[in-house]
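Please open the model in your viewer and keep the selection panel at hand. The stops below proceed from confidence to the sheet and then to the helix packing.

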Amino acid sequence: EESNRINGLVSTFLDFARPKEPKLMNCDLRDVLEKTLFLLSPQAHTLGVEIKKDLPQRPLWISIDPEQMRQAFTNLGVNALEAMPHGGVLKVTVVENAKSWVLIRFSDTGRGIPKEVRPKVFDPFFTTKEGGTGLGLSIAHRIITHHGGDIALEEGDEQGSTFAVTLPLVKGI
């Protein structure tokens with residue numbers, strides 16, 4: 001009976017981790033990020049975390065499923081906030097790269113990710129958090145790669161973490 005219960009639980013997690021096929025539409029990346037950060041702001045305020053953003057003035061058109069991409073960005077933001085339970089800064093920076101790609105960085109001033117666990121951060125069910133599922137970063141990774149992008153944990157010191165997301169820009173808009 002316990003094996004069946006655990007099997008059901010694992011099946012539920014796997015279904016949750018399997019994102020639907022993206023419904024692509026041309027969106028301004030800035031709008032998707034603004035909505036995500038707006039939704040994260042109450043939790044940030046409660047934790048004493050300041051959200052700083054550095055977004056371009058002009059639209060950055062990308063072909064994405066906006067709901068899925070908001071989910072990926074929310075997962076990155078929640079991880080950053082949870083790394084700063086006593087306050088800090090979450091900085092979201094967007095930079096165009098050679099007019100065909102856009103780079104989005106989520107940087108926090110939290111406790112950082114130890115070097116020995118960095119290779120595992122995108123593995124499903126891997127977590128260092130008590131009560132964590134280990135699905136947030138793996139879901140973000142899957143969503144971003146299904147959109148033709150890439151996500152990486154940037155190398156740095158033990159203080160804070162930076163996740164870098166690259167996504168293709170729509171040409172001709």
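## Confidence and conventions

The protein has an average pLDDT (the predictor's confidence in each residue, from 0 to 100) of 86, and 84% of the residues score at least 70. This is a predicted model, in which local features need pLDDT of at least 70 and side-chain atom pairs count only at pLDDT 80 or more, while totals for chains, interfaces and linings use all residues. Residues are numbered from 1 along each chain as its sequence is written, and side-chain values use heavy atoms, with hydrogens and water left out.

Colour by confidence and select residues 2-17: this is helix α1, where confidence is lowest, at a mean of 67, whereas β2 has the highest, at 97. Helices (H or I, at least four residues) and strands (E, at least two) are DSSP runs, numbered from the N terminus.

## The sheet

Select the five strands next; they form an open, mixed sheet in the order β2-β4-β5-β7-β6. Two strands pair if DSSP finds at least two bridges between them. At the edges lie β2 (49-54) and β6 (150-153), each of which pairs on one side only. From one strand to the next, the twist averages 15°.

Now restrict the view to β5 (residues 101-108) and β7 (residues 161-168), which run antiparallel and are joined by eight bridges. Within this pair, Phe106 stands opposite Phe163 of β7. Add helix α4 (residues 136-146), which packs on the sheet, touches β6 and β7, and makes about 20° with the direction of β7. Contact means heavy atoms within 4.5 Å; axes are lines fitted to C-alpha atoms, for helices over the stretch in contact, and angles run from 0 to 180 degrees between N-to-C directions.

## The helix pairs

Select α2 (residues 29-47) and α3 (residues 66-82), whose axes come within 9 Å and cross at roughly 30°. The two helices α2 and α3 are therefore roughly parallel to each other (angles under 35 degrees count as such, over 145 as roughly antiparallel, 65 to 115 as roughly perpendicular and the rest as oblique). Show side chains: the α2 residues in this contact include Leu33, Leu40 and Leu47, and those of α3 include Phe73, Val78 and Leu81.

Finally, keep α3 and bring back α4: their axes are 9 Å apart, at an angle of about 145°. Among the residues that meet here are Met69, Ala72 and Leu76 in α3, and Leu137, Ile139 and Ile143 in α4.
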